[in-house]
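Trainee: Got a minute? I'd like to go through this one with you.
Mentor: Sure, pull it up and ask away.

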Amino acid sequence: QAKSIYFSQCKKPLLDKQGMITAHKELVDRGFMVKLNNLPTEVQRKIKTAEFAHYYPWFIVRKEDSMSTPIRLVVDPSCTGMNQILPKGENRLGNIIDLMVRNRAVSHVWSSDISKLYNQLHLDPSAYPYSLFLFHESMEEGVQPEVYVMVRAWYGVICTGNQAGFALDRLAEIGKDEFPHANEPLSKNRYVDDIFSGSDTTQGR
């Protein structure tokens, strides 16, 4: 199934494929994804001898209004049923209305987002056999794809949002003494990876 979807993406227009090749290279360069053959021998062995291997189906999506990532890689584990068996957890998102009201009630505001939030979460190696990815840097229809391992958490996987939220809550708690001003923005003024905070003084901001 994953290979069939991969070859369907190889039929996309050249501009889309070039954007995908660039996006894939960035993920590899940042260590978010590793070619299976480049992993340590023992890790490769555990992946290759696992009782079950799961390959993520993925699609090229064009988002014309995005200046940073007009061509996006979208992973869709719903195609394979993975999202149906993973635990989503409870909804722990902050209330966006409350967050914005607090933001507008101070004199000096700031906003930010956490770069590649989900990809900052390292997967335990036991998850690697379920996080395989097919790709070839040529994206030619007649060329067989190579196997990559997604070693970080990913957008589109149903449990990742709450895992990332939990990680940020823990980060805020662990660092509250050393970085007291970071605790409230991270724990109370965050909506997924966006932070809206502020202060009544310029220095506080």
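Trainee: Let's start with Tyr-6: buried or exposed?
Mentor: In this predicted model, Tyr-6 counts as buried, because its relative accessibility is 1% and the cut-off for buried is under 20%.

Trainee: And how many aromatic pairs does the structure hold?
Mentor: There are eight aromatic pairs. In one of them, the ring centres of Tyr-6 and Phe-135 lie 6.4 Å apart with the planes at 75 degrees, so that pair is edge-to-face.

Trainee: Where do Tyr-6 and Phe-135 sit in the chain?
Mentor: Tyr-6 is in helix H1 and Phe-135 in strand E5, 129 residues apart, so to speak of distant parts of the chain being linked is fair. Phe-135 is buried too, with a relative accessible area of 1%.

Trainee: What about Tyr-118 and Tyr-155, stacked or edge-to-face?
Mentor: Stacked, because their centres are 4.3 Å apart and their planes at 20 degrees. Tyr-118 is buried at 13% relative accessible area, whereas Tyr-155 is partly exposed at 36%.

Trainee: Which residues do ring pairs link into a cluster?
Mentor: Tyr-6, Phe-7, Trp-58, Phe-133, Phe-135 and Tyr-148.

Trainee: Switching topic: what does Trp-58 stand opposite?
Mentor: Trp-58 faces Val-75 in E3. Strands E2 and E3 pair in the antiparallel sense, over five bridges.

Trainee: Which side chains of E3 are buried?
Mentor: Ile-71, Leu-73 and Val-75, which point to one face; Arg-72 and Val-74 point to the other and are not buried.

Trainee: Why the alternation?
Mentor: Because in a regular strand the side chains alternate between the two faces of the sheet.

Key. Residues numbered from 1 in each chain as written. Predicted model: local features only at pLDDT ≥ 70, side-chain atom pairs only at ≥ 80, totals over all residues. Heavy atoms only, no water. Buried < 20%, exposed > 50% of the residue type's maximum accessible area, 1.4 Å probe, protein only. Helix = DSSP H or I, 4+ residues; strand = E, 2+ residues; numbered from the N terminus. Pairing = 2+ DSSP bridges. Phe/Tyr/Trp six-rings, centres within 6.5 Å; stacked < 30°, edge-to-face > 60°.
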